[in-house]
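Got your viewer open? Load the model, show it as a cartoon, and follow along stop by stop.

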Amino acid sequence: DTYLILISPTGETIAENDDARLSDRNSLISITLPNDGTYTVLANSYSPGEVGEYELAWRSATEAELALYRANQLDQEVAFLIDRERYGEAISLAENALGIRRTSLSNDRFALSISLSTLASLYAGDEQYEKAETLFEEALEVGEAALEEAFGFAYPYIPVISSLASMYANQERYNEAEQLLENSLARVRETGGGEDLDAAALLNELGRIYYIQGHYEDSMPILEEALLIKREALGNENQEVAEDIVLLAKRYFGLGNYQRVGDLYEEALTLFESLYGENHWLVGVRLNDLAFNYASRGRYSEAEPLLMRALEIYEAALDDNHPEIATSLNNLALVYGFQGQHDRALDLYEKALVIRQNVFGSNHPDVAESLTNLGVSYVFNQRSEEAEALFLEALDIYQSIDSRSQLLTLQHLGQDYLTQEQ
């Protein structure tokens with residue numbers, strides 16, 4: 001399984017490739033070289049330790065190949081824009097990439113299917129559902145034809161199926177989403193792949209759709225089954241498994257099953273420490289998760305050292321104004337407040353508010369949350385008038401963004417007025 005890397009005259013990696021196509025493990029780079037000079041091609045293997053004979057060749061690219069190179073560049077730009085939530089710009093470039101692939105002479109139907117699905121997902125995110133559905137259906141047809149050609153038997157194209165089902169769910173077309181996923185799962189299992197990662201992906205999406213409808217008795221066993229399949233396929237010490245454990249814990253937290261949440265978060269913490277090292281900032285996130293679970297169960301003395309350790313990790317690994325530091329300060333303040341240590345809580349809430357204002361500005365839900373928490377702390381510290389001002393400021397933010405969180409702030413404000421006998 002080869003891997004090609006192209007190095008520029010200045011020593012920069014300017015192109016690399018693993019597989020020429022999904023069904024072809026040979027590597028291929030098509031590129032217009034940016035400058036004159038001496039370039040270096042590195043012929044490598046995808047996995048460490050793989051050795052064997054290989055043949056390296058180069059030639060002038062055809063116009064069709066150069067066009068596809070431009071489409072690949074556009075794909076990278078689209079991914080960059082999506083990461084930065086610049087979806088309008090991403091749609092325009094994705095349309096251009098798809099146009100190139102439709103008119104090229106290439107027979108790479110996998111690339112065409114991915115291009116169709118990417119644009120469909122962007123349309124769906126922009127609520128252009130009719131356009132999105134048309135492209136998803138075409139992507140599914142093209143992708144499954146390519147799979148059958150490559151492997152000799154019909155098989156569901158899982159990434160597109162999951163995306164289409166997710167769009168159906170966003171439109172509250174739950175029956176269609178469930179039917180699509182259940183039929184696809186049956187097809188996977190008919191081929192003998194019932195215990196593989198494709199089955200796990202479909203089960204995860206099906207469980208999520210049951211969950212958002214409130215069908216928890218159906219949802220949770222399915223999500224547990226998906227995790228079990230992944231454990232067996234990938235092993236426990238795997239990043240994807242660890243992240244799925246966290247996601248499952250969050251589902252159980254929403255149901256109030258704090259014992260199961262605690263068990264999962266404890267396992268996730270151990271895995272993250274093993275995968276990333278004990279002082280990685282992601283370990284801090286898991287410490288916060290576990291501590292918040294302990295606090296929800298009244299186990300404050302166990303939550304406090306976890307939160308203090310998380311804060312130490314964040315302060316060493318992250319910028320002073322990182323949002324995770326504010327979250328950790330906020331959670332530690334909550335624990336102090338629950339234990340009646342309102343002076344210590346007040347100091348931490350003030351620090352968290354300053355960070356969130358620096359990061360998000362003045363009109364953000366996290367800032368409103370900090371204002372509310374600080375207001376509650378002021379009430380406990382007999383500073384009711386200052387608390388009132390903070391609650392009103394938080395309400396202004398929540399009302400401007402139409403957040404349901406304003407209900408909690410209204411409750412605290414009402415209690416504050418009672419304290420002031422208003």
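**Charges first**

Colour the charged residues: the 28 positive and 73 negative charges of the protein have mean positions 1 Å apart. Here Lys and Arg count as positive and Asp and Glu as negative, while His and the chain ends are not counted. Each charge is placed at NZ of Lys, CZ of Arg, CG of Asp or CD of Glu.

Before you go on, know that this is a predicted model, where local features need pLDDT of at least 70, side-chain atom pairs count only at pLDDT 80 or more, and totals for chains, interfaces and linings use all residues. Residues are numbered from 1 along each chain as its sequence is written, and side-chain values use heavy atoms, with hydrogens and water left out.

**The whole thing**

Zoom out. The protein has 17 helices and three strands; these are DSSP runs numbered from the N terminus (helices: H or I, at least four residues; strands: E, at least two). Its C-alpha trace spans about 80 × 55 × 40 Å along the principal axes. Of the 422 residues, 43% count as buried, meaning under 20% relative accessible area with a 1.4 Å probe, protein chains only.

**Stop 1: D18**

Select D18, in the loop between β2 (13–17) and β3 (40–45). Which side chain of opposite charge is nearest to D18? That is R25, 6.6 Å away; D18 is buried yet has no salt bridge (a side-chain nitrogen of Lys or Arg within 4 Å of a carboxyl oxygen of Asp or Glu). Now show its contacts (heavy atoms within 4.5 Å): leaving aside neighbours within four places in sequence, D18 touches D1, T2, Y3, R25, N26, S27 and Y46.

**Stop 2: helix α8**

Next, pick residues 216–234, which form α8. Its 19 residues should span 27 Å at 1.5 Å a residue, and the end C-alpha atoms are indeed 27 Å apart. (The expected span is 1.5 Å times one less than the number of residues.) Among the buried residues of α8 are M220, L223 and L227. Show α7 (197–212) and α9 (239–254) too, as they are part of what covers the buried residues of α8. Just after α8, click G235: its phi is positive, near 85°.

**Stop 3: helix α13**

Finally, select residues 323–338 for α13, whose 16 residues reach 23 Å from first C-alpha to last, close to the 22 Å expected. Its buried residues include I325, L329, N330 and Y336. Turn on α11 (281–296), α12 (300–317), α14 (342–360) and α15 (365–380) to see what the buried residues of α13 pack against. After α13 comes G340, with a positive phi near 80°.

Technical notes
Buried means under 20% relative accessible area, exposed over 50%, partly exposed in between (1.4 Å probe, protein chains only).
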